[in-house]
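Hi,

Here is the structure I promised to pass on. Have a look at it first, and then read my notes below.

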Amino acid sequence: MAPPTGPRAGTGRAPPRGPRATGGGGGIQKRRANPRTDRDGDVSMDAPAGGSGKVGSTSAARGRGSKDARGGRGAVNSRTSSRVVQNLQNYVNGGPVGKTQSNMATLKIYGMANSKGTGNRDGGLRNLLTFLERKASKEKPVTIGKSLLDGDCVWITVRKDHAPDVLRLNGFSYAGAPLTITETNERMPRPEDKISKDAAETKQKLVAVLARRYNADMKLLDLSSLGTDATLSSMGTFNSKDLAEKAFKVLVVLASQQYKTAAEKREGIQAISLASNGLNDVMQVFTLATSLPDIKRLDLSSNNLDSLSKIAKWQHRFQHLEELHLTGNPITAQPNFAAELIKWFPSLQNINGQIVRSPQEVDEALKGMHPTPLPQFPSNLRDGEANVASIFVQAFFPMFDTDRARLAAEFYDDDSWFSIQAIANSGRNLPWKTYLKYSRNVHKLGEKNPATVQRLFTGGSLIADMWKALPSTRHPSMENPGAWLIDCHTFPNLADPTGHGFATGLLITVNGQFEESDTTENLYGKRTFTRTFILGPSKPSNPPPAHPYRVISDQLTLHDWTPAETPAVQAPVANQVPQVPVANPVPPAGPVVLDEVTKNQLIQEVMKRTGMTPEYSELCLSGTANWNFELALKSFEEQRANLPPTAFMNAV
């Protein structure tokens, strides 16, 4: 095979852009925006051929703080600017908020494929969009946002308040064909979701090569002597060293993609043979270490590896490698090469068929590489005899899941602070989109950015409105201590709300995970979090406050997000969270114990009365209702408007 010692950047040049260049109806595009042609680059088996995957970029509007936003010393204690307050109120009430996409509706249009306009250069897309805008703008101007021609379907986005005007055109005739227009909660496809016909055929051939070279009994993927493979040769894979290297990368990635989980891949491919490929440096096949890192046997025999430096790039990579074959390589003539390889691969026991280390020695080597981690101590609540912290957290999180307005009214006053810090380190912005508008991550914004002041929400009323804009959540039960890590310590020298001297408060840090349902973005998953509270004495008032303590500061830090296949929604029951007692709390009632037959009967009855799916009916019963049929129905009626369409059987 003899590919080069390292990857080469693509040398393709961007094609000339003409004033009337179009995307051929294939890419998502802003209405009337100048389409951009793609750059030629490296072939990617899961991307459109000849493109980098970027069809165009939409610059997000960036707000600029005015000079007035800087303020003086009192800026931190000032209320959020009126503009931010209005945007927040608009978002909660369904109105426009800047340039976000939360107020956009997605529509699917069928019928254009049967029209006379399909012979146009762009498949008739531009003329159809012009037709829809003209017909829909009878009472007010309607503008279509993004559009995409995807087979027989045309996808468009419009403002939610314009959607009824476009949906009114359902059944209209366009260029001799009737149109079918429906609204959908599905995400508009992206160009990178599809691959070209040629790329699909190439991928199919490569997958066939892998299938032919896989030995299920030995769990061996035989990639030896690739240069003699008839299929790969007919595809021109070895016309250059650059193509040969890329072909190997694609083969390894495709082999990895045949398995749904890492465990299945680890079990399915345990041995790899790269014998007789003319390799002179493992950098040429480095992808193997990243795509199939858990292999146990590797055959590199009959290549041109002449020194340890040519293998050094795989040093400490294959942690489970037990057997390595290098026969027929010049490196085997070097003294002590085996001793060095033992240091690099901690599980290695067999080199060229010779036992070089016992299983016991391997165990010792692995222990040295993975020191014993520090123990995780249990929750530590130092909150005195009154159990203030315990009572607070047991009431806070169920109420945050079910009745955020009441929670803010009970525990927050006009001087309470709340902020969010979103640590979006996953590389994907979509699961963080809702939070990033409010994130006060100083590391991202910068200390002098006015947003660091604007995103510190002050006052229970504003905090409650802000909470409405966040996705619904479901925290684990407090009866499961393994799901929580809570620490509490006294916090001295707080200003006494009476104005006389100082008071002692509590610093509470809560670490855990919650299920999240973002219906605006149709995203469901689990998210880890850290929430830090400072509690202090309540202010004197008439009537007296609900509790003798209040939340002075509340900071929510969001960490990793993991997608879920099904919506993680609990049917919330408003106003069912009991008042938090000051002392002598009554322990919550334990879960109702029912047999499976009774539970199924209740689920069937809730399905019949509500029209919900079995999954949502069970969530409604097993949540706060605690398998109480009447409470479950009451919960459904109160929260029906907040449930996603997928909660109902007629939407499945």
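Confidence first, since this is a predicted model. The chain averages a pLDDT of 75, with 73% of its residues at 70 or more. Of the chain's elements, helix H12 (residues 404-411) comes out highest, with a mean of 93, while strand S1 (residues 29-30) is lowest at 44. Residues 1-85 have a pLDDT below 50, though that stretch still has 136 contacts in the model beyond near neighbours in sequence. Residues 568-592 also stay under 50, and there the model has 61 contacts beyond four places in sequence.

Now the aromatics. The count comes to 19 aromatic pairs, and I'd pick out two. Phenylalanine 392 and phenylalanine 411 sit edge-to-face, 5.3 Å centre to centre with 85° between the planes. Phenylalanine 392 belongs to helix H11 (residues 388-402) and phenylalanine 411 to helix H12, so this pair ties together parts 19 residues apart in sequence. Both phenylalanine 392 and phenylalanine 411 are buried.

Next up are tyrosine 412 and tryptophan 467, edge-to-face again, at 5.3 Å between centres and 90° between the planes. This one links distant parts of the chain, 55 residues apart: tyrosine 412 is in the loop between H12 and strand S16 (417-422), and tryptophan 467 is in helix H16 (residues 460-468). Tyrosine 412 and tryptophan 467 are both buried.

What about helix packing? The axes of helix H17 (residues 596-610) and helix H18 (residues 614-622) come within 9 Å and cross at roughly 110°. Angles of 65 to 115 degrees count as roughly perpendicular, so that is what H17 is to H18. On the H17 side, the contact uses Leu602, Ile603, Val606, Met607 and Thr610; on the H18 side, Pro614, Ser617, Glu618 and Leu621. Those residues split into six nonpolar, two polar and one charged.

Two single residues to finish. Threonine 287 lies in helix H8 (residues 287-291). Is threonine 287 buried or exposed? Its relative accessible area is 14%, so threonine 287 is buried. Outside its neighbours within four places in sequence, threonine 287 touches Lys249, Val252 and Val253.

Proline 346 is in the loop between helix H9 (337-344) and strand S13 (350-351). With a relative accessible area of 3%, proline 346 is buried too. Arginine 317 is 29 residues from proline 346 in sequence, and their C-alpha atoms are 9.7 Å apart.

Cheers

Technical notes
Residues are numbered from 1 along each chain as its sequence is written. This is a predicted model: local features need pLDDT of at least 70, side-chain atom pairs count only at pLDDT 80 or more; totals for chains, interfaces and linings use all residues. Side-chain values use heavy atoms; hydrogens and water are left out. Axes are lines fitted to C-alpha atoms, for helices over the stretch in contact, and angles run from 0 to 180 degrees between N-to-C directions. Helices (H or I, at least four residues) and strands (E, at least two) are DSSP runs, numbered from the N terminus. Angles under 35 degrees count as roughly parallel, over 145 as roughly antiparallel, 65 to 115 as roughly perpendicular and the rest as oblique. Contact means heavy atoms within 4.5 Å. Ala, Val, Leu, Ile, Met, Phe, Trp, Tyr, Cys and Pro count as nonpolar, Asp, Glu, Lys and Arg as charged, and the others, Gly among them, as polar. pLDDT is the predictor's confidence in each residue, from 0 to 100. Buried means under 20% relative accessible area, exposed over 50%, partly exposed in between (1.4 Å probe, protein chains only). Rings of Phe, Tyr and Trp (its six-membered ring) pair if their centres lie within 6.5 Å; planes under 30 degrees apart count as stacked, over 60 as edge-to-face and the rest as tilted.
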